[in-house]
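Take a walk through this structure, from ring pairs to helix crossings and then to a few backbone details. Keep the sequence and the model side by side.

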Amino acid sequence: MHKLISTLALSALVLPCPLSSLQAQGAVDLEMVTRIRNEGLHHSQVMETVTHLTDGIGSRLTGSPQLKEANEWTRKKLEEWGLANAHLEAYPFGRGWSFSKSAVRMVAPREVPLSAIPKAWTPGTDGPVRGEVMRVDLESEEDFEEYRGKLAGKILFLDAIEGGEDPEEPGVRRYSREELESLAAFEAEEEREGGRRRRAFERQKLRQATAEFLSAEKVAATVERSGRLHGVVRVGAGGTWEPGENPGVPALVMSREHYNKVVRMLDAGRPVELEVDVAARFHDEDTRAYNTIAEIPGTDKKSEIVMAGAHLDSWHAATGATDNAAGVAVVMEAVRILKTLGVKPRRTIRIALWTGEEQGYTGSLAYMKEHFATRPEPTDPEQKKLPERFREDTWPLILKPGHARLSAYFNLDNGTGKIRGIYAEENAAVKPIFEAWLAPFADLGADTVTLRRTGGTDHVPFDRIGLPGFQFIQDAMDYSTRTHHTHLDDLDHIRADDLKQASVIMASFLYHAAMRPEMLPRKPLPQEPPKKDGKAAALDGGEG
């Protein structure tokens, strides 16, 4: 008999509040769930949205004309659906960038076309340039002296050969029941974001020093190896979006198979010459970036806010379908569903489509400072020199009035896969609530709530200032193997049924968070770390 006791009943045995109170806090409006499912599964517009963002607008690098077009299109679409206060919120960013041509070929010892894409924020070649290929290792500034005076006119290959992948590893994956059960089991993890920021800064510092060195040496171009096999080119940023900084020389990422072929020829003592032709430009007309914001106004608790968001920006090699037009389309569809059903939420439901996520949450961080909390300017001279995204946290955390009014933020940014559950971010009080809200979607594969934390996307700035920010668990599909930051991230990899499923779950979470008697429970506010040698202890940990 003891196995039949529900989680809710067990909670009543250990928590100092009556069962009826717990039921009220996690109550589910099944009639509304049915209506949400019907609208979202049978009358969906999610594919129309994701198709326009990808095929219609294209890549959406932060600061680019295409991203500004996406900002304006999403604002108008949300307004068309009846949302209120649809607007763009600007914040300082830097230079935009775009490219229109990338042609690379081997011209000696034979002619062979090669697959390569320029890194963002690096200059073009101003027409075709030819140069001898040279393999170099520039892993630290100490390595520069070995090559000084030897690089003029050369095309530098910066990586060693890397082999293949495990042939048994599937390219497309959904969570198994065993994996979800394992994920639900809590494992304590060290804080990640401080370590991530510090490593990112060290990479940026070396990248800037390398740009200065290679420019001075008059290098023709650099080429790096893609991190994926099977012809997939995974490419991100080079150069800099900061006005006034040296963007370096033309820099490209080449498919691993083509890259390895060239390096093998060099290792065998066979000289190689390439021709590189990249057309790229910087956009300095407007150095701001923009978040798209809109609302479904609340009623009796309208000053309290429930938010959902996803990042509108993408990388430039493809159209950012799974990263993250999919998430944008889902949160837009969620509010469309609620508006279509005529929902009158108690709390205001706000949608935020962030930009600058790929550059370190610049859009959501700017929103935090404007609406929820700020930190003092650093007093450490070394910290003052750093861009804000790389600085260590300063104390005290200075809360704004809006901090007390946010009930929850729900984020979606892990590709096209269906929702399988949610990360509760070590907030034990929300776990039974989320389990109740997911129960009507168990037949759609979503039933896992884990107290574990996850990182790497726009819920992190919320969590860092003590706000309830959550990211959903999603099936990986081919996100990490084929599409994440690659030239294949196009509409062909989108799963329509998965986006419909995610949309109805997002809509239901927004509805129930907006309608429950109380705001969602919070964790304690972040506290200043203990002092070490007169300075606050730095955060550290693994990658998110």
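**Aromatic pairs and helix crossings**

The count comes to 22 aromatic pairs, where rings of Phe, Tyr and Trp (its six-membered ring) pair if their centres lie within 6.5 Å. Take Phe434 and Phe470. Their ring centres are 5.0 Å apart and their planes stand at 90 degrees, so the pair is edge-to-face. By the angle of the planes, under 30 degrees counts as stacked, over 60 as edge-to-face and the rest as tilted. This pair links distant parts of the chain. Phe434 sits in helix α13 (residues 431-438), Phe470 in strand β18 (residues 469-474), and 36 residues separate them. Helices (H or I, at least four residues) and strands (E, at least two) are DSSP runs, numbered from the N terminus.

A word on the basis. This is a predicted model, in which local features need pLDDT of at least 70 and side-chain atom pairs count only at pLDDT 80 or more, while totals for chains, interfaces and linings use all residues. Residues are numbered from 1 along each chain as its sequence is written, and side-chain values use heavy atoms, with hydrogens and water left out.

Are the two rings buried or exposed? Phe434 has a relative accessible area of 0%, so Phe434 is buried. Phe470 is at 1% and also counts as buried. Buried means under 20% relative accessible area, exposed over 50%, and partly exposed in between (1.4 Å probe, protein chains only). Ring pairs also join both residues to a cluster made of Phe410, Phe434, Trp437, Phe470, Phe472 and Phe509.

Stay with α13. Two packed helices are described by the angle between their axes and the distance between the axes. The axes of α13 and α16 come within 10 Å and cross at roughly 130 degrees. That crossing makes α13 oblique to α16. Axes are lines fitted to C-alpha atoms, for helices over the stretch in contact, and angles run from 0 to 180 degrees between N-to-C directions. Under 35 degrees counts as roughly parallel, over 145 as roughly antiparallel, 65 to 115 as roughly perpendicular and the rest as oblique. The crossing of α13 and α16 is right-handed (the near helix is turned clockwise from the far one by less than a right angle; anticlockwise would be left-handed).

Which residues make the contact? From α13 come Phe434, Trp437 and Leu438; from α16 come Ile505, Phe509, His512 and Ala513. Contact means heavy atoms within 4.5 Å. By class, six of these residues are nonpolar, one is polar and none is charged. Ala, Val, Leu, Ile, Met, Phe, Trp, Tyr, Cys and Pro count as nonpolar, Asp, Glu, Lys and Arg as charged, and the others, Gly among them, as polar.

Now turn to another helix pair. Helix α3 (residues 30-42) and helix α10 (residues 321-340) have axes that come within 10 Å and cross at roughly 120 degrees. That makes α3 oblique to α10. The crossing of α3 and α10 is right-handed. Here Ile36, Glu39 and Gly40 of α3 meet Arg336, Ile337, Leu338 and Thr340 of α10. This contact has three nonpolar, two polar and two charged residues.

Helix α10 also holds Asn324. A cis peptide bond joins Asp323 and Asn324, with omega about 10 degrees. Another cis peptide bond joins Ala108 and Pro109, again with omega about 10 degrees. Pro109 lies in the loop between β2 (96-108) and β3 (112-114).

Next, phi angles. Asn85, in strand β1 (residues 84-92), has a positive phi of about 55 degrees although it is not a glycine. At 46% relative accessibility, Asn85 counts as partly exposed. His485 is not a glycine either, and its phi is positive at about 65 degrees. His485 is found in the loop between α15 (479-483) and α16 (496-515). His485 is buried, with a relative accessible area of 17%.

Finish with Phe462, in helix α14 (residues 460-464). Phe462 is buried at 0% relative accessible area. What does Phe462 touch, not counting residues up to four places away in sequence? The partners are Met307, Trp354, Met368, Phe372, Leu406, Tyr409, Leu467 and Gly469.
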